[in-house]
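User: Please take a close look at one helix and its surroundings. I would like its geometry, its burial and its packing partners, then a wider tour for context.

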Amino acid sequence: VTAPAIRGSATVKRKLLAAALCGISAISACAPPSVQPAQLSTAQQFELKTYVTQLEDPARSAKTKQEAAELLLSRPYPQAVAALKDFLEDPTNRAAQIAVAEAVAARGQGHDAFVAPLMKMLTSAEGSVRMPAARALATYKDPAVIERLIAKTGAGRDREIRLAAIAALERVMDKSSVDALVRLLRDGDAEVRAAAADALTRLTNIRTFGRDAAQWVAWWKANKDKPRTEWLADLADNLGREKVRLENENVQFRDRLARTLKLLYQTTPDVQREALLLGFLRDGLSDVRLVGAAIVNDTVAANQQVSPEVRSQVRLMLIDPDWRLRREAALLVASLADGETLQVLLARLKAENVSAVRVAVLTALGQLRDPKSLEALVADVASDDDQVATAAAAALARVAGRQPLGGAEKSSAAKALLDRYRIAARRGNGAALREALLTAMGAVGDKQCADAFRAALTDPAATVRLAGVNGLAGLGQTDATQALAALVRSEERRVGKECSLTC
């Protein structure tokens with residue numbers, strides 16, 4: 001094989017030519033001075049050049065590149081490892097970077113020399129290489145690598161990098177990764193919290209907790225001090241890698257299934273569509289039922305009629321074993337509001353323990369704006385789950401906005417909102433929660449909330465300050481106008497400062 005057969009960067013060419021001609025590659029600097037790479041046989045030189053050529057060739061498919069990378073990973077000579085490292089370090093060949101990272105993830109065969117370039121890929125501004133790097137880094141059992149991944153999830157970093165690091169941790173069957181993910185359930189970023197909860201679900205295979213932070217925290221508190229063999233007794237050591245493979249296949253299957261079923265529904269004659277839709281909603285596979293729910297949602301959005309049979313089936317989905325169906329059903333039931341809607345939603349709220357579903361039920365109750373839901377909404381305002389409390393406050397605001405509260409109801413609602421607001425303000429995170437609580441206070445219109453409105457005028461978040469101003473205005477407080485003027489001036493100064501920095 002001649003030198004022109006090797007294409008790519010000058011670095012790769014130089015190293016491989018040296019290996020082929022001399023048997024002592026320039027990459028031997030990575031080995032101890034007394035240990036030099038063995039001279040390659042003619043057959044080894046040929047296969048090395050062949051696989052490198054496939055990785056360098058832009059015309060080759062992603063599958064071919066990954067296969068070439070996997071074959072290089074399986075070779076015992078150090079020149080193969082060094083060539084793969086060169087590809088990982090070459091940002092001009094993204095396809096090869098991804099192929100090598102995916103090969104490492106697929107074979108679970110990483111090398112110490114790969115860690116630094118994979119970490120650089122994980123934190124790269126190029127989004128296409130982050131997740132392949134995350135999957136590759138997840139195969140390392142070195143505690144130092146795990147600690148570096150945990151560090152990438154820290155607050156203050158770019159969100160996408162944090163999410164990529166979380167995706168890596170969900171494949172690491174280690175106590176430190178579980179502990180880090182549980183701590184992220186209290187993060188100030190809602191997307192990070194959701195990603196951490198989903199990662200814990202995939203990592204532990206516990207499907208019943210969903211995104212309920214309280215349940216995860218309680219579970220971890222009860223299990224974190226147990227020996228590893230005990231708290232992972234029901235999980236095999238290679239569960240993480242197998243789950244990654246299955247999850248990738250399942251994602252593709254679900255997408256294909258959803259597209260196919262929707263196309264089938266659209267091409268079915270009108271007179272037969274309802275029977276087909278009911279079949280979807282009653283199917284034994286939850287993903288088929290989800291497609292049915294999506295079709296009902298599209299029907300409602302298009303202001304088309306929904307039959308009583310379909311309405312009844314949607315209500316039954318409120319007790320579906322799959323929390324995703326219960327969440328979708330809650331919102332659909334509110335859109336299909338009838339005489340039974342309020343009671344079935346209140347019953348679901350009383351029984352539900354998955355945070356995401358509770359949020360959906362509370363949102364649905366807010367959509368109904370029925371004063372009979374007030375007691376349940378006030379109770380959930382006190383929830384320690386920020387998302388649940390936010391949804392409860394927003395729903396309460398809608399109920400109070402439709403029909404003014406009076407007497408004991410007004411006082412009780414105001415007190416619950418004030419108590420939860422003080423907790424939120426003390427913790428210092430969750431601007432969306434503080435805004436929702438203040439907005440609900442404004443809708444309730446109790447004068448005992450005036451001090452909270454004034455305190456909100458110094459909140460770091462402009463949306464919270466504005467909610468405070470609106471609350472004061474709603475109470476007819478004389479300082480509302482002054483507060484609004486101060487807020488406007490503050491925003492003008494902020495915009496002016498940003499302009500001075502960018503213009």
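Analyst:

**Helix α20 and its surroundings**

Helix α20 has 14 residues, and at 1.5 Å a residue they should span 20 Å. The end C-alpha atoms of α20 are 20 Å apart, so expectation and model agree. The model is a predicted one.

Start with burial. Of the 14 residues of α20, 11 are buried, so the rest of the structure largely encloses this helix. The buried residues are Ser355, Ala356, Val357, Arg358, Ala360, Val361, Leu362, Ala364, Leu365, Gly366 and Leu368. Arg358 is on that list, as are Ser355 and Gly366.

What do the buried residues of α20 pack against? Their partners are α18 (323-335), α19 (341-351), α21 and α22.

Take α18 in detail. The axes of α18 and α20 are 8 Å apart, and the packing angle is about 0 degrees. The two helices are therefore roughly parallel to each other. On the α18 side, the contact uses Trp323, Arg326, Arg327, Ala330, Leu331, Ala334 and Ser335. On the α20 side, it uses Ala356, Val357, Ala360, Val361, Thr363, Ala364, Gln367 and Leu368. By class, the contact of α18 with α20 holds 10 nonpolar, three polar and two charged residues.

Now the end of the helix. Arginine 369 comes just after α20 and takes a positive phi of about 60 degrees. It does so although it is not a glycine. Arginine 369 lies in the loop between α20 and α21. Its relative accessible area is 32%, so it counts as partly exposed.

**The neighbour α22**

α22 (residues 386-402) is one of the partners of α20. Its 17 residues should span 24 Å at 1.5 Å a residue. Its end C-alpha atoms are 25 Å apart, which agrees. The buried residues of α22 are Asp386, Val388, Ala389, Ala391, Ala392, Ala393, Ala395, Leu396, Ala397, Val399 and Ala400. Alanine recurs through that list, and Asp386 is on it too. The cover over these residues includes α20 (355-368), α21 (374-381), α23 (407-427) and α24 (431-444). α21 appears here as cover for α22, and α21 also packs against the buried residues of α20.

**Loops elsewhere in the chain**

Asparagine 303 also has a positive phi of about 60 degrees without being a glycine. It is found in the loop between α16 (286-301) and α17 (308-316). With a relative accessible area of 70%, asparagine 303 is exposed.

Aspartate 459 sits in the loop between α25 (450-456) and α26 (462-475). Its relative accessible area is 9%, so it is buried. Setting aside residues up to four places away in sequence, aspartate 459 touches Arg434, Val464 and Arg465. Aspartate 459 and glycine 428 are 31 residues apart in sequence, yet their C-alpha atoms are 9.5 Å apart.

**Around α8 and α10**

A second helix pair can be set beside α18 and α20. The axes of α8 (residues 143-152) and α10 (residues 175-184) come within 10 Å and cross at roughly 10 degrees. That crossing makes α8 roughly parallel to α10. Ile146, Glu147 and Ile150 of α8 make the contact with Ser176, Ser177, Ala180 and Arg183 of α10. By class, this contact has three nonpolar, two polar and two charged residues.

Alanine 155 lies in the loop between α8 and α9 (159-169). At 67% relative accessibility, alanine 155 counts as exposed. Leaving out residues up to four places away in sequence, alanine 155 touches Arg162 and Asp187. Alanine 155 and aspartate 187 are 32 residues apart in sequence and 7.8 Å apart in space, C-alpha to C-alpha.

**The whole chain**

How many helices and strands does the chain have? There are 27 helices and zero strands. Of the 503 residues, 47% are buried. Among contacts between residues at least 6 apart in sequence, 60% join residues at least 24 apart. The chain exposes about 24,700 Å², and carbon and sulfur atoms supply 54% of that area.

Back to the part in question. α20 is largely enclosed, since 11 of its 14 residues are buried. It runs roughly parallel to α18. Arginine 369, just after α20, has the positive phi.

Notes
Residues numbered from 1 in each chain as written. Predicted model: local features only at pLDDT ≥ 70, side-chain atom pairs only at ≥ 80, totals over all residues. Heavy atoms only, no water. Helix = DSSP H or I, 4+ residues; strand = E, 2+ residues; numbered from the N terminus. Buried < 20%, exposed > 50% of the residue type's maximum accessible area, 1.4 Å probe, protein only. Contact = heavy atoms within 4.5 Å. Areas by Shrake-Rupley, 256 points an atom, 1.4 Å probe, with all protein chains shown as cover. Axes fitted to C-alpha atoms, helices over the stretch in contact; angles between N-to-C directions. Parallel < 35°, antiparallel > 145°, perpendicular 65-115°, else oblique. Nonpolar A, V, L, I, M, F, W, Y, C, P; charged D, E, K, R; others polar. Expected span 1.5 Å × (residues − 1).
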